[in-house]
Structures are given as C-alpha cells and as structure tokens.
Amino acid sequence: MENKIFLTLTGERIESYAIVVKTPNEATVYAASELMQYLLKATGKALSILYGEQKTLENAIEIACEEKFKDGFSLRFDGKKLLLTGNNERSALYAVYEFLERIGWRFFTQKAQYECAPQGYACEKLLTSGNVDIPQDFCVTQEAVFDYRDGSSFALGDVGFCAKMRINAQTWGSKRFPPALGGARTFAYRGCEGHTFGKLVPIDVYGKTNPEFFAELDGVRKTDGVTWDSAPQLCLTNFNSVPVVVSTMKKWMEVTPKAEYISVSQNDNKLFCQCEKCRSSYEKYGYFGTLIRYVNKVAKVFEKDYPNVKIHTYAYSKTDDINESVKAHKNVMVQWCPTRMCRNHALSDKNCALNRANYKKLETLSKVVDEIFIYDYRHCLRYAMLHFTDLFTLRDTVRTYADLHVKGIFSEVNIHSLNQCTFEELRAYLFGKLLWNPYMSEEEYDRHIDEFLEGYYGKGWRHIREYLDKWSSINPKMHYTSFYGAMISDDAKYLRDEQGNPIYAQFMPKEDVAPFCDWANAKFDEALKDADYTTRIRLEIVRTNVIWYELFHTMKDVMSGDDENAKADMTKRCKDLCSRMRKYMMKYTVYIGMSNTTYMYDDFSMPVSEWHYASNIAGGDPLW
Ligand SMILES: [Zn+2]
Ligand SMILES: [Zn+2]
C-alpha cells in the first residue's frame, strides 16, 4: 500500500491551492505539470494549473524563473503564496523537486532505458504519511557549488531523471536535455568536449601545406597516413597555427551559438612534439606550461569575439606535470584528469601517498587557473564487474574538489554498460546529491545511502548495507586506481606477481576470498527472504558481483587441479555466471565491443580470470 499524506501549507489544505506558472516557458510549464502529478500521487488532490500572473489569487504555488548563469533556487512564502523561484529555467524544475523532496518524495532511480529491462520502472517513493504541514517560516535558498555536473553511467541515461538529480550537462553527446528540462550546459560542436587538436587543425588539410604545425617525432613531421585520433599533437611552440585554431572555433560557435565552453585540447595519445624549441620549452615550463602558453595565445584572440565562452583544455597524460610556471588566461579552464587517483582513499587522505601527490597537483593547479574541471574515473577500466570501494571516500573527495575551486565535474561511472552488478543506481544517486551539495554532513550522506537501500532493495536492505560496509573496509591499507584496478603499495609502486606483472583487483588474500563470499552470499540470501519480484531481480543483479569476484579468484586453481568433481562444479558455476550476465545484460570488461572478446559463452570451463579483459586502454601502457 502506497503512502498518502494530508498536506497543508501554512495550515491550509492543499486542495485550496492552485499552481500558477508566473513566467511561462517550456521548463516552467513542465515543472508545473510535474508538481501537479506528484502532489496528486501524494495527496489524491488534483490542483489546477494557471498561466501568467494571478494577482487576486491568494492560495497559489507560484513557479517562476530568472535568467542567472548559476543554477539555484529559493522556496519561500509571500503571505499565503508559496513562491518556487529558479535562478534559470532548469532551476525552476530543481525548485519543484526540492519542494517535493521536502514533503517526503524520493526519486531513487530512472525508468529503464531499454526494452525488457527486468527492474523496469522508476523507483520513486513517498517516505512520509499522515499530516504534513509546510509552515509560514519555511524558506530554502540554494545555489550550485559546481556549475557543470555530469556523469556517464547507464543509471543516468534518462534526462528526466537527470533533472531530478540536478545533472545539467550532456558530455560526449550521450544524452540531450530538451528545453522542457531547461536545456544543458554545452560545449561548442557536439561531441567535441575534448581531444580536439586533430579536429581544430585537420591533418588531412594542413599536413601537406603546413607540416610544421604538427609534432616532430623522431626527427620527422609525419603528417600522412594518420587518422585524427592517432594524429600527432600540435607543435605547441609554433604559434602560426593559432589563427587556424581560432577560425575552426568560430565555425563551431556558429553551429552551436549557445555553447558556454569550447575545447582546445590534446589528442588522446602521447605524440607530443620533440622539436628543439618544444624540448627547451618543456624544460622551462613542463608539458603543462607549454600547453597553457599555447592555449593562452588562442584564448586572447578568441575572447575578442566570445568573451563569455570558456576555453577548455586538459591536464592529462604528459600534460599532467602541473606546475606554477605559467598562469592561464582568465577565459581558460583546465580539466584535470586524475588517472592515478587512489580510489580506496579520499583525495584529502594524508596517509595515502598517491593522493598526497594528487592533492598537491590540484592545489598547484588552483594557483594558476581560475576555473578547474575534473574528469573523474570512478570505475575499473579493466574489470567492469569489479565493485569499486569509493562509496565512503567519495564525499570527502568531492568536498576537496569544491574546496580547491573546482567548478565542474564529469565522471565516468561504468561506461558502455546497459546494466551492471556494481550498485550503479546507488552510485548515481549519491553522485547527484554530492555534486549539488559537496558540503553535506556524514550523517546526511549516510541517510541518503540508507534511504536508497531501503527504497530500492526492500525490507532486507540492512543486509545489503552490511555487505557494502564490509566490502568498503576490506583492505583499508591498500591503494588502487581506476585504470586497470591495479594494486599499489604505500610507496606508490605497482604491486607485482612473481613474473613482474601488475596485480589486479585482488583486494584480499586469496585464502580469504571464499569465506568472504560465503558470508556475502548468506547476506544476500537473508535480503532475498520475502522480497517481491522486482526487488528479487535487483538483488540478484548485484549478487552477480559476489559470484564473479569469487570465481575470478578461485576457478583457475580448481581447473588446473585433478579433482574432476570440483572441476565439474566450477564449470557449472561459471555457466550460471555467464547466464546471469546475458540475462541481465551485463558487461565483464569496459571496452567489450571495442576489442576482441573471448568465447567464454562457448566454453564454461575457461577460468573467469582468463577471460579477455581489455588490456589496450590508454595507449597500451598498463602503468599509465
Ligand atoms: Zn615543436
Ligand atoms: Zn590510497
């Protein structure tokens, strides 16, 4: 039985109110219809919606919006009138959702993005029941800390849900916010959010006429027979290419005139120029400073026509050698891509050698750049079914970003997946909450986790909470990064096996794996007791995480032994894992489809650790 409330505003029954769209546009009209529908579900009362100012109407919930850049809103009474005012169009919607959350609504997950998704519809619940009054002194004012908030995850694929989570950007064209949702923050030219050198100065056009625009590698400016993504970087000490860059940028702005950012950033490779001039520049300014000097040149020309558009560049790969030698021009924004962040510890954790270095980098960056974005990697780029343990460090890390003047976050959270066993729905929910309020208390963060678990995983949710707590504290001393889930020592060195290969995703001593998984399976069995059909499926999806983890560590030894019964049992369990992956449409490696896969579906005796996990990410360098 769903909850119902008796809602009053300053003591007056909700049905005496009408919804008024004071500044009608697509977003406020949509906001009004959302408010009407969720109030109807919660109270059983259908309010009428009126458009334009209604001066004589006292009992009104008035929706309005301003035209400010910063997302934010205020909720307050003026007499009996409740004013829900957004700083801009999308914020009018945020104002409505905030009000709905205040009366008890929770929007936990989106509706499924694909046909035959077993967990189906959106998970939204009203947590309150009985009398709910919004008193006269009710007043909420909030403003976004981060201007740009986005994450790529199947759990954030539906833009309607993203609006509820206050996700406001559509990086890499993975989604598109319509005007009814107040649009989104956008980069110039769709799909050009990064790695743009090759597009700004096309090598097939300028390679022949101006080879000096491009990097010299091993004494040669190789400009033919390369595709744009394998194209050498620009020669960053040759400023003669700046007019070409700016002219392409202007063309992009004509196509997307509302863009707030435009990217002038390196290609996704390490082919940086080694000409004499560049080499002496690297010595003086580092790769980072050399890049910023070039981008500054572009920025100063471009700002004459587009003073309000921020120019984006990366600190990534070689240009991650962040230093204080060059200050970025005021319209330059740097997106730092911390590929070597420890995900088991918070960025501010002084006991983690990797993150001490990372913190220092971000601190240095904040001294030379006014505006910083982060490109966060919050999943294992090798093992898609490996559940990362950043659940309880994320709050600290995001707060540190805010403290160090970060203005935008794009996070990769299990990309290329349709469904996953790594609690992506919970992670997406917390991500949205933290991006809006990085300064929330630990108690509030905990409350969000518990509310979600109860709402999504049902009555047995406490067992799932225990599982998450245990998993996240499993190896408090170990360090590892998203790239490959490789394990790292206290001295920031990769842990290696006897053959010298990096050790991946182990997390705990081998002998502890089976007992841990037995314990975890018992927890899931408890949680599944009395679960309804939908909840059962949600639980079985995340349990796949335990099944994969155990077989990953135990199957190979059994299959290489001579106990035929044990082998047959393992093969059967592997078959069960594979059928779960098919049934729930899960991926076992992030880049499946981009590289060859093994044929484990044809041979269930192949140990899970021997499947073809992507190994060619980031230029084939396992120690990226
Ligand atoms: Zn050069
Ligand atoms: Zn660490």
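Buried here means under 20% relative accessible area. By that cut-off, Val242, Val244, Val245, Val246, Thr248, Met249, Trp252 and Met253 of helix H6 are buried. The model is a predicted one.

**Confidence and layout**

The average pLDDT of the chain is 92, and 95% of the residues score at least 70. Residues 616-624 fall below 50 in pLDDT; in the model this stretch still has 23 contacts beyond near neighbours in sequence. Three domains are assigned: domain 1 (5-143), domain 2 (186-328) and domain 3 (468-620). The centres of domain 1 and domain 2, taken over C-alpha atoms, are 45 Å apart.

**Two zinc sites**

The table sets out both sites.

| Ion | Donors | Distances | Angles | Spacing |
|---|---|---|---|---|
| Zinc ion (ligand 1) | Cys235 (SG), Cys273 (SG), Cys275 (SG), Cys278 (SG) | 2.2 to 2.3 Å | 103 to 115° | C-x37-C-x1-C-x2-C |
| Zinc ion (ligand 2) | Cys342 (SG), His345 (ND1), Cys352 (SG), His479 (ND1) | 2.1 to 2.3 Å | 97 to 123° | C-x2-H-x6-C-x126-H |

Take the zinc ion (ligand 1). Its site is tetrahedral, with 4 donor atoms. Cys235 sits in the loop between helix H5 (203-209) and helix H6 (242-255), and Cys275 in the loop between strand E13 (261-263) and helix H7 (276-302), so this pair joins parts 40 residues apart in sequence. Cys235 and Cys275 are buried.

Now the zinc ion (ligand 2). Angles of 97 to 123° among its 4 donor atoms make the arrangement tetrahedral. What does the pair Cys342 and His479 tie together? Cys342 is in the loop between strand E15 (332-336) and helix H8 (353-368), while His479 is in strand E18 (residues 479-480), so the pair links parts that are 137 residues apart in sequence. Cys342 and His479 are buried.

For reference, the ideal angle for four tetrahedral donors is 109.5 degrees.

**Helix H6**

H6 has 14 residues. From first C-alpha to last it reaches 20 Å, close to the 20 Å expected at 1.5 Å a residue. What do its buried residues pack against? Their partners are helix H4 (197-200), H5, E13, H7 and strand E14 (310-315). An α-helix has 3.6 residues a turn, so residues three or four places apart point the same way. Among the buried residues of H6 are Val245, Met249 and Trp252.

**Two positive phi values**

Most residues other than glycine have a negative phi. Tyr189 has a positive one, near 65°. Tyr189 lies in the loop between helix H3 (159-164) and H4. Its relative accessibility is 35%, so Tyr189 counts as partly exposed.

Ala505 also has a positive phi, of about 55°, although it is not a glycine. Ala505 is placed in the loop between strand E19 (487-488) and helix H13 (510-528). Is Ala505 buried or exposed? Ala505 is buried, with a relative accessible area of 0%.

**Around Ile488**

Ile488 belongs to strand E19. At 0% relative accessibility, Ile488 counts as buried. Leaving out residues up to four places away in sequence, Ile488 touches Leu354, Met478, His479, Tyr480, Thr481, Lys493, Tyr494 and Leu495. One of these, His479, is a donor to the zinc ion (ligand 2). Tyr504 is 16 residues from Ile488 in sequence, and their C-alpha atoms are 9.4 Å apart in space.

Conventions:
Residues numbered from 1 in each chain as written. Chains lettered and ligands numbered in written order. Predicted model: local features only at pLDDT ≥ 70, side-chain atom pairs only at ≥ 80, totals over all residues. Heavy atoms only, no water. pLDDT = per-residue confidence, 0-100. Contact = heavy atoms within 4.5 Å. Domains from an automatic or database assignment. Donors = N, O, S within 2.8 Å, 3.2 Å for Na, K, Ca; no water. Tetrahedral: all angles 85-135°; square planar, octahedral: opposite > 155°, others 65-115°. Helix = DSSP H or I, 4+ residues; strand = E, 2+ residues; numbered from the N terminus. Buried < 20%, exposed > 50% of the residue type's maximum accessible area, 1.4 Å probe, protein only. Expected span 1.5 Å × (residues − 1).
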